[in-house]
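Q: Please examine one helix of this protein closely, together with its setting in the fold. I should like a single connected account.

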Amino acid sequence: MVKTWYVLARCVDYFGMTLFTGGLFFLAFLWPDGAGHGRARKVVGTGWLLGFAGTVAGLGLQGAWAAQRPAADLFDWDLLGQVLGTQFGRVWFAKALLWLLAGVVLADLMQRGRNAATSTAWRVGAGVVTLGLLRTTGLTGHAVESGRPLLTQIADLAHLAGICAWIGGLAVLLFGVLSRRDPGELAAVVPRYSRLAMVSVFAVIVAGAVLAWQTVGGWDRLSTTDYGRTLVVKLLVLAVVLVIAQGSRSWVARRLDFAVVLRGDAATVRPFVHSVAAETALVIVVLVAASLLVTASPGR
């Protein structure tokens, strides 16, 4: 039962990091005006809350899991002390501190809106915090256990960055841009995100293939180990997401101009909204599978 709660904490952490870092990138480079709009800010704020809560809970639950104690003991000081003496504990504690720094970045964005999102100093600070969150996440995964740690850690960083830019941006697009149906924003922001998503998906696929091969080690393990079977499920769901994403790209190519001419007509934009919503929902399944993989042994 403790492991289930630990996996859930890792999933919440992943989802929060995705919303936060991907949302920050979206507001900084694709839609700075969105930094002043409530729904877009809520996506990023929700990401921060989930990420910080998932990290703190994961730190305590790791100790409870290792000591075979109940999940309710996650804040026991003795267990926390034991966890902080491990490599995982030190990395995860550093990540918790990074989330506190991320809170400063978020507070500045909430206070200054577009002025912060377009500020070089803010972008540098947000970039440093984002890189730190991605890197500390990778340091507790299977990439560090590979026979080629440099290759796999670079691939892991690219994989996480691609996922965050793609999915975090997708959430801001859905709840921020599409909910407003402003024709000017649709014309300017949607094509930018479509290009970003294409690059991000390419990075996710290439880096994911490298990670899978280095971690699993052979085709036979995809069917003979729990890790391999979970990975297959993740890949199948991801394939469905990519099919839906292709439908979204087709809408952008064929119907976006029409939607802009009709000034964001709800009936015209609705198929795109449904497609983006389906992508977002299925990605949660992918994140759950990723949480299961990071807490499982590749050899089992």
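A: **Helix 6 in its setting**

The model is predicted, with a mean pLDDT of 84 for the protein and 88% of its residues at 70 or more. Confidence varies among the elements: helix 5 (residues 114–117) has the highest mean pLDDT, 96, whereas helix 9 (residues 221–224) has the lowest, 66. Where pLDDT is low, the predicted coordinates should not be read in detail.

The protein contains 11 helices and zero strands, so its pattern along the sequence reads α-α-α-α-α-α-α-α-α-α-α. Of its 300 residues, 51% are buried. Among contacts with a separation of 6 or more, 77% join residues that are 24 or more positions apart. The exposed area of the protein is about 13800 Å², and carbon and sulfur atoms supply 66% of it.

Within this fold, helix 6 covers residues 120–138. Its 19 residues should span 27 Å at 1.5 Å a residue, because the expected span is 1.5 Å times one less than the number of residues. The C-alpha atoms at the two ends of helix 6 are 27 Å apart, which agrees with that expectation.

The N-terminal end of helix 6 is capped by Ser 119. A side-chain oxygen of Ser 119 lies 3.3 Å from the backbone nitrogen of Ala 121.

Burial can be followed along helix 6. Its buried residues are Trp 122, Ala 126, Val 129, Thr 130, Gly 132, Leu 133, Leu 134, Thr 136, Thr 137 and Gly 138. The cover over these buried residues includes helix 1 (2–30), helix 4 (87–112), helix 5 and helix 7 (149–180).

Thr 136, a residue of helix 6, merits a closer look. Its relative accessibility is 10%, so Thr 136 counts as buried, the cut-off being under 20%. The side chain of Thr 136 reaches two backbone oxygens within the helix: that of Gly 132 at 2.8 Å and that of Leu 133 at 3.1 Å. Both Gly 132 and Leu 133 are themselves among the buried residues of helix 6.

Beyond residues up to four places away in sequence, Thr 136 touches Val 91, Trp 92, Lys 95 and Leu 98. Helix 4 spans 87–112 and is included in the cover over the buried residues of helix 6. Thr 136 thus combines side-chain contacts to the backbone oxygens of Gly 132 and Leu 133 with contacts to Val 91, Trp 92, Lys 95 and Leu 98.

How values were computed. Residues numbered from 1 in each chain as written. Predicted model: local features only at pLDDT ≥ 70, side-chain atom pairs only at ≥ 80, totals over all residues. Heavy atoms only, no water. pLDDT = per-residue confidence, 0-100. Helix = DSSP H or I, 4+ residues; strand = E, 2+ residues; numbered from the N terminus. Buried < 20%, exposed > 50% of the residue type's maximum accessible area, 1.4 Å probe, protein only. Contact = heavy atoms within 4.5 Å. Areas by Shrake-Rupley, 256 points an atom, 1.4 Å probe, with all protein chains shown as cover. Polar contact = N/O pair within 3.5 Å; in protein donor to acceptor, adjacent residues only side chain to side chain.
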